[in-house]
Amino acid sequence: MKKLLSIGLLIIVFICFAFVLSGCMNKGNDLPYEEQVNIPTNNPSVDNKDDKVENNNQDENVNTQLKAEKALAPLATKNYYIKLLTDAENDVGQIVKNATVEITIDGNNFATDMKDIGYGMIVKDETMYSIMHSVKQYVAMDLDPNAKQEMLTNFTNENFINAFIKLGTKDFNGNNYYFEEYKFENETNVLYFEGDTLKYIETIPTDNSQASIIQIVEISNKTKKELFNIPSDYTSFSM
């Protein structure tokens, strides 16, 4: 299964994405690139010929200027919230364009909500709640502490910044953006910025399989407590 985002951790985001985007978000990758990506402007385009690029020659002065370190700093903490848009498969097998995904961490607990595609998940203490919004039901399962710790393995700025290979400007999604590129074992991640604000992350697998894009709506170091609440009219069931 191809992850929409991992950023060597993370991705986007620490192993969180490997968890957050689990299983329900890979079918869109089977679509042609132009059909798969439908972020609210034109389809993304990159003109490599006109890219203005500065390579990383182990120049410490360049690394201290990297915008990713500041933009992703909340993800290295025990309390944060991230909201993104991406294409995903819903609970009836349809591809939803620009589905909203919310992720929050509160100490050793975390939650994700993907109402646009019918799913949600809460990990609290040693219990994992898998939520199905379309039928207003949820299932509670005991979670192995080791599995939970793996999910909570935090991304670190140091590891991420060490993967830096180049920066510059390029045309993307109809605009010219400053970008930073990071190369990991299985993928390359290109981060696009508007000023100091991270706007998009493009993940390009090293096996030349389908690239993927997410749009970052918000990243903050505040927990969104509401994501840990299961609606009162939802009922539980057993697997």
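How many aromatic pairs does the structure hold? The structure holds eight of them, counting rings of Phe, Tyr and Trp (its six-membered ring) whose centres lie within 6.5 Å. The views below come from a predicted model, where local features need pLDDT of at least 70, side-chain atom pairs count only at pLDDT 80 or more, and totals for chains, interfaces and linings use all residues. Residues are numbered from 1 along each chain as its sequence is written, and side-chain values use heavy atoms, with hydrogens and water left out.

**View 1. Ring pairs link F172, Y177, Y192 and Y200 into a cluster.** Planes under 30 degrees apart count as stacked, over 60 as edge-to-face and the rest as tilted. The rings of F172 and Y177 have centres 6.3 Å apart and planes at 70°, so this pair is edge-to-face. Y177 and Y200 are also edge-to-face, because their planes stand at 85°, with ring centres 5.9 Å apart. Y177 belongs to strand β9 (residues 175-183) and Y200 to strand β11, so their pair ties together parts 23 residues apart in sequence. Strands (E, at least two residues) and helices (H or I, at least four) are DSSP runs, numbered from the N terminus. F172 is buried, at 0% relative accessible area; buried means under 20%, exposed over 50%, and partly exposed in between (1.4 Å probe, protein chains only).

**View 2. Meet two hairpins that share strand β3.** Strands β2 (residues 79-89) and β3 (residues 95-106) run antiparallel, joined by 10 bridges; two strands pair if DSSP finds at least two bridges between them. Look for L85, whose bridge partner in β3 is T100. Five residues lie between β2 and β3, and G93 in this turn has a positive phi of about 85°. β3 also runs antiparallel to β4 (residues 109-114), with five bridges. Here D106 stands opposite N109, and G107 in the two-residue turn has a positive phi of about 65°.

**View 3. Here is the largest nonpolar core, with 33 residues.** Such a core is a set of buried Ala, Val, Leu, Ile, Met, Phe, Trp, Tyr and Cys residues joined through side-chain atoms within 4.5 Å. Which residues touch the most other members? They are Y182, L191, F193, L198 and I216. Strand β3 gives the largest share of this core, five residues. Another core, of eight residues, lies apart from it and includes Y81, A111, I131 and Y138.
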